[in-house]
Amino acid sequence: MKSQSTFLFTSESVGEGHPDKICDQVADAVLDECLRQNPLSKVAIEVAVRPGLVIVFGVVHFISRLDIDAIVRFVLKDIGYSSPDQELDYQTCEVMDFVELHPSPFKGISSGLEAPDNEPAGDQGMAFGYATDETDQPLTLDLAHRISRGLKAAHTKGILPWLRPDTKAQVTVEYDEDRGRMVPTRVHNVVITAQHTPGVTVERLRQDILDKIVRKSIPAKYLDDRTAYHIQPTGDVGVSPSGKFAGVTGRKIVVDTYGGWGAHGAALFREKIFARKIQVDRSAAYMARWIAKSLVHHGLARRCVIQLSYSIGIAEPLSIFIDTFATSKLTADQLKEIIRKNFDLRPSAIAKDLNLCNPIYYQTAKNGHFTNKEFPWEQPFDLVL
């Protein structure tokens, strides 16, 4: 059957050294350290960076000591900021710690995994999950993330010794749409900008990234003689340090999720609260992804988006929305019944079912929250139909 339409769609990925992603990684590294000390800690952290400076601020409950300076320097070294001629050097940069620690409980907050499953949500909020049978992620985002991972490996392993950690990749894919299903046919264009040392020419940079990163990251079946490559498209603007370096937490939410496919909720993922007041911005987003991926995995839809909404003081979600884009043989009501039969959508139960008190968050900040098959929400649930 002939496809109904052809269209282009684009997604972006950024490297671990992008200033905004530095902030995300520091925030989640702090979260992980709090959870290692006390799985019941309550954490709300934000981070900002500029050349030579990292600022960490926020509030942490049920923790008495926290070495923010050591955490920041670990993250910067892990990313690859280990040279004095970069914007940040883990050995010499200034770290400003404005994190308030409250080691003792205070009125309105209790700790304990003994919290009942009907413990209400700590705030109002809505969250989305998305899944498709293209790949584990939409292909546009998957390919962009592959390029980012390839650039990271080329930097850390010395494959491209002139490469620096701050990179951006963008991939546009041509699709045929057939009754709600998006069928990728070819890569239309690739855009990459990368910071580098002054010694490399633009011509060498472009050729090396094309040969050693792009062509190894994107399957050959998607590349043809019409694919356009825009590598360092305005010339030698990626020299490090650039003088244009500033970042804060939570500015790469589309990169973190589905690359523009599906939908995104109203809040960021840079905090995680368990205990008496359970935050749903992050936990419900993970649950919605778990549901969507499980439905697609079991063949109940080829593509779907899920929305869950909550209110402060109420445990059960206020609403469940599902759209399968005409790729399911079941109605929305039938799918909702399957969801309610298989998943406990109360915030406390979500935290327990997905092991959200474990220190797993640093990895989510590196290359997307839905890219690592080891994450609990990335392992399809064995549905009872």
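Reader: Hi! How many bridges join strand E11 to E12, and which way do the two run?
Author: Strand E11 (residues 303–310) is joined to E12 by five bridges, and the two run antiparallel. Strands (E, at least two residues) and helices (H or I, at least four) are DSSP runs numbered from the N terminus, and strands pair if DSSP finds at least two bridges between them.

Reader: Is this a predicted model, or what is it?
Author: It is a predicted model, where local features need pLDDT of at least 70 and side-chain atom pairs pLDDT 80 or more, while totals for chains, interfaces and linings use all residues. Residues are numbered from 1 along each chain as its sequence is written, and side-chain values use heavy atoms, leaving out hydrogens and water.

Reader: Cool. What stands opposite valine 305?
Author: Aspartate 323 in E12 stands opposite valine 305.

Reader: And what order do the strands of that sheet have?
Author: The order is E5-E11-E12, an open sheet of three strands with antiparallel pairing. Strand E5 (125–132) and strand E12 (319–323) are at the edges with a single partner strand each, so one side of each has no neighbour in the sheet. On average, neighbouring strands are turned by 15° against each other, direction ignored.

Reader: Which strands does helix H6 touch?
Author: Helix H6 (residues 280–297) packs on this sheet and touches E5, E11 and E12 (contact means heavy atoms within 4.5 Å). The direction of H6 makes about 30° with that of E5. Such angles run from 0 to 180 degrees between N-to-C directions of lines fitted to C-alpha atoms, for helices over the stretch in contact. Helix H7 (residues 332–342) packs on the sheet too, touching E11 and E12, and its direction makes about 125° with that of E12.

Reader: New topic! What's the order in the sheet of four strands?
Author: That open sheet runs E1-E6-E7-E8, with mixed pairing. Strand E1 (5–14) and strand E8 (228–231) are its edge strands, each pairing on one side only. Neighbouring strands here are turned by 20° on average, direction ignored.

Reader: How do E7 and E8 run?
Author: E7 and E8 run parallel, joined by four bridges. Isoleucine 192 stands opposite isoleucine 231 in E8. Helix H3 (residues 139–156) packs on this sheet, touching E1, E6 and E7, and its direction makes about 160° with that of E6.

Reader: Last one: how many aromatic pairs are there?
Author: A search of the whole structure finds 13. Phe, Tyr and Trp rings (six-membered ring for Trp) pair if their centres lie within 6.5 Å; planes under 30 degrees apart count as stacked, over 60 as edge-to-face and the rest as tilted. Tyrosine 258 and phenylalanine 370 form a stacked pair, 4.9 Å centre to centre with 5° between the planes. The two residues are 112 residues apart in the chain.
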